[in-house]
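Open the model in your viewer and keep the selection panel within reach. We will go from stop to stop, picking something to select each time and saying what is there.

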Amino acid sequence: MTSTNDLKQKFWKSLADSPFVFLELDADPKTAVPMTAQLDKDANSAIWFFTSKNHTFASGGPATATFAGKGHDMFARFSGTLTEERSRERFEDLWAKPVEAWFPGGKDDPNILLLRMDLGQAELWNSDLGFVDNAKMLMGFNVREDAREEHTDTVL
């Protein structure tokens, strides 16, 4: 059985390895789009997104993200609240060449908006069940209980 703390650590590592999520405003599921999460290793209760001031997300509010790790060994769904990040220092720390590719005007593009997602509830699934459980699954044995032990409801 993997502890909640271990699942959280695996989630953060997996998100750092592949920071792509499907993000949507809770008030309108039609807003769901892929976004690149900007992470700060010292801030484990928030993530950031660069977007434009005319994007649907600019209004902020409650949002939900879904995530699949690069090797499909970690899955997550988490909620939070999107708000404008006003810290220029945070902006500078998170700015990188891949972000610049989306904003040809560079850092001073007047349409750039940095959003912070303050994280709340999350469900985390570790799908790497290990050798024994994978062998059991291949032979048709029930692995539901083992898989259930690799899932948690938590707060990020």
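The structure holds 11 salt bridges, and this is a predicted model. Let us begin with a few of those charged pairs.

**Stop 1: Asp40 and Arg90**

Select aspartate 40 and arginine 90 and show their side chains. They form a salt bridge, with 2.3 Å between the closest N and O atoms. Which parts of the chain does the pair link? Aspartate 40 sits in the loop between β2 (28-36) and β3, while arginine 90 belongs to helix α2, 50 residues apart, so that distant parts of the chain are linked. Switch on a surface and look at both ends: aspartate 40 is partly exposed at 22% relative accessible area, and arginine 90 is also classed as partly exposed, at 21%.

**Stop 2: Glu84 and Arg86**

Next, select glutamate 84 and arginine 86. The two form a salt bridge whose closest N and O atoms are 3.7 Å apart. Arginine 86 counts as exposed, with 69% relative accessibility, whereas glutamate 84 is partly exposed at 39%.

**Stop 3: Glu85 and its surroundings**

Now pick glutamate 85, which you will find in the loop between β5 and α2 (88-94). Is this residue buried or exposed? Glutamate 85 counts as buried, because its relative accessibility is 14% and the limit for buried is under 20%.

Add arginine 116 to the selection. Arginine 116 and glutamate 85 form a salt bridge, the closest N and O atoms being 3.1 Å apart. Since arginine 116 lies in strand β6 and glutamate 85 in the β5-α2 loop, the pair ties together parts that are 31 residues apart in sequence. Arginine 116 itself is partly exposed, with a relative accessible area of 22%.

Keep glutamate 85 in the centre of the view and display the backbone of serine 87: its nitrogen lies 3.2 Å from a polar atom of the glutamate 85 side chain. To complete the surroundings, show Trp48, Arg90, Leu114, Leu115 and Arg116, the residues in contact with glutamate 85 once neighbours within four places in sequence are left aside. You have already met Arg90 as the salt-bridge partner of aspartate 40.

**Stop 4: a salt-bridge network**

Select Arg88, Glu92, Lys107 and Asp108 together. Salt bridges that share partners join these residues into one network.

**Stop 5: the strands**

Switch to a cartoon view and colour β1 (residues 20-25) and β4 (residues 61-68). These strands pair in the antiparallel sense over four bridges. Within that pairing, glutamate 24 stands opposite threonine 64 in β4.

Now colour β5 (residues 74-84) as well. β4 and β5 pair in the antiparallel sense over eight bridges, and alanine 63 has glycine 80 in β5 as its bridge partner. Follow the chain from β4 into β5: the two strands form a hairpin with five residues between them. Zoom in on histidine 72 in the turn, where phi is positive, at about 55°.

**Stop 6: the nonpolar cores**

In soluble globular proteins, nonpolar side chains tend to be buried together. Select Phe11, Leu23 and Phe78: they have the most contacts inside the largest nonpolar core, which has 26 residues. Which elements give two or more residues to this core? They are α1 (4-17), β1, β3 (46-52), β4, β5 and β6 (112-126). β6 gives the most, with six residues.

Centre on phenylalanine 78 and show what surrounds it. Setting aside neighbours within four places in sequence, its contacts include Phe11, Val21, Ile47, Ala63, Phe67, Met117, Leu119 and Leu156. Thr64 and Gln121 are also among the residues in contact with phenylalanine 78.

A second, separate core has 11 residues. To find it, select Ala43, Ala46, Phe50 and Phe91, which are among its members.

**Stop 7: Thr51**

For the last stop, select threonine 51 in strand β3. Threonine 51 counts as buried, at 5% relative accessibility. What does threonine 51 touch, not counting residues up to four places away in sequence? Show Met35, Phe103, Asn111, Ile112, Leu113 and Leu115 to see these contacts. Finally, draw a distance line from the C-alpha atom of threonine 51 to that of tryptophan 102: the two are separated by 8.8 Å, although 51 residues apart along the chain.

Key
Residues numbered from 1 in each chain as written. Predicted model: local features only at pLDDT ≥ 70, side-chain atom pairs only at ≥ 80, totals over all residues. Heavy atoms only, no water. Pairing = 2+ DSSP bridges. Core = buried A, V, L, I, M, F, W, Y, C linked by side-chain atoms within 4.5 Å. Buried < 20%, exposed > 50% of the residue type's maximum accessible area, 1.4 Å probe, protein only. Contact = heavy atoms within 4.5 Å. Polar contact = N/O pair within 3.5 Å; in protein donor to acceptor, adjacent residues only side chain to side chain. Salt bridge = Lys/Arg side-chain N within 4 Å of Asp/Glu carboxyl O.
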